[in-house]
Amino acid sequence: YKDEIIYDTGYGKIDQSSANSPPPNKYNTFRIASITKVFTDLMLFQFVENGHLINMDQTINSYLQKLYNVALDIRYPPNTYKYNVTFRDLGCHMGGLQHHEPCNFNEG
């Protein structure tokens, strides 16, 4: 908050297979699992509640165009997302990602 860490605590274990594993801290890196699904749905509910989103079957491209125009002050926005992904697709977590690459934070 305002460039200050207000809460910094790790829960669980860094290595689930080790009984002596310490709890994670702010220097450990790991996947956040499916927590982004909660934020996506919360955002959609707020859009609907505030009247910014009326049709869940509208494609995200229409909103990306507005975002580029307003936030970046660009008269001609770059190409938007190439698939016709709707807000309903985002809410169902079917936004078009075919797969993801496994990550290994121990490398590099």
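**Figure 1. Overview of the predicted model.** From the N terminus on, the protein chain runs α-α-α. This is a predicted model. The chain holds three helices and zero strands. Of its 108 residues, 9% count as buried. The exposed surface of the protein chain comes to about 9600 Å². Carbon and sulfur atoms supply 56% of that area. Among contacts between residues at least 6 apart in sequence, 43% join residues at least 24 apart.

**Figure 2. Helix α1 and the glycine that follows.** Helix α1 covers residues 35-49. Its 15 residues should span 21 Å at 1.5 Å a residue. The end C-alpha atoms are 22 Å apart, which agrees with that expectation. G51 follows α1. The phi of G51 is positive, near 80°.

**Figure 3. A salt bridge between helix α3 and a loop.** The count of salt bridges comes to one. The partners are R88 and D57. Their closest N and O atoms are 2.7 Å apart. R88 lies in helix α3, residues 87-91. D57 lies in the loop between α1 and α2, the latter being residues 60-71. The pair therefore ties together parts that are 31 residues apart in sequence. R88 is partly exposed, with a relative accessible area of 41%. D57 is also partly exposed, at 44% relative accessibility.

**Figure 4. T86 and its contacts.** T86 is found in the loop between α2 and α3. This threonine is buried, because its relative accessible area is 13% and buried means under 20%. Residues up to four places away in sequence are not counted here. Beyond them, T86 touches M56, D57, Q58, T59 and I60. One of these contacts, D57, is the salt-bridge partner of R88.

**Figure 5. S21 and two backbone nitrogens.** S21 sits in the segment before α1. The residue is buried, with a relative accessible area of 14%. The side chain of S21 reaches the backbone nitrogen of I14 at 3.1 Å. A polar atom of the S21 side chain also lies 2.9 Å from the backbone nitrogen of D15. Leaving aside neighbours within four places in sequence, S21 is in contact with K13, I14 and D15.

**Figure 6. G10 beside two prolines.** G10 belongs to the segment before α1. Its relative accessible area is 24%, so G10 is partly exposed. With neighbours within four places in sequence left aside, G10 is in contact with P23 and P24. G10 and P24 are 14 residues apart along the chain. Their C-alpha atoms are separated by 4.7 Å.

**Figure 7. D3, a non-glycine residue with positive phi.** Most residues other than glycine have a negative phi. D3 is not a glycine, yet its phi is positive, about 65°. This aspartate lies in the segment before α1. D3 is exposed, with a relative accessible area of 89%.

**Figure 8. A nonpolar surface patch.** The patch is made by I32, I35, V38, F39 and L42. Its area is about 490 Å². I32 lies in the segment before α1. At 54% relative accessibility, I32 counts as exposed. V38 belongs to helix α1. V38 is exposed too, with a relative accessible area of 52%.

**Figure 9. V38 and G91 across the sequence.** V38, a member of the nonpolar patch, is paired here with G91. The two residues are 53 apart in sequence. In space, their C-alpha atoms are 9.3 Å apart. V38 lies in helix α1, and residue 91 closes the range of helix α3, residues 87-91.

Note on methods: Residues numbered from 1 in each chain as written. Predicted model: local features only at pLDDT ≥ 70, side-chain atom pairs only at ≥ 80, totals over all residues. Heavy atoms only, no water. Helix = DSSP H or I, 4+ residues; strand = E, 2+ residues; numbered from the N terminus. Buried < 20%, exposed > 50% of the residue type's maximum accessible area, 1.4 Å probe, protein only. Contact = heavy atoms within 4.5 Å. Areas by Shrake-Rupley, 256 points an atom, 1.4 Å probe, with all protein chains shown as cover. Expected span 1.5 Å × (residues − 1). Salt bridge = Lys/Arg side-chain N within 4 Å of Asp/Glu carboxyl O. Polar contact = N/O pair within 3.5 Å; in protein donor to acceptor, adjacent residues only side chain to side chain. Patch = residues over 30% accessible without salt bridge, like charges linked within 9 Å, V, L, I, M, F, W, Y side chains within 5 Å.
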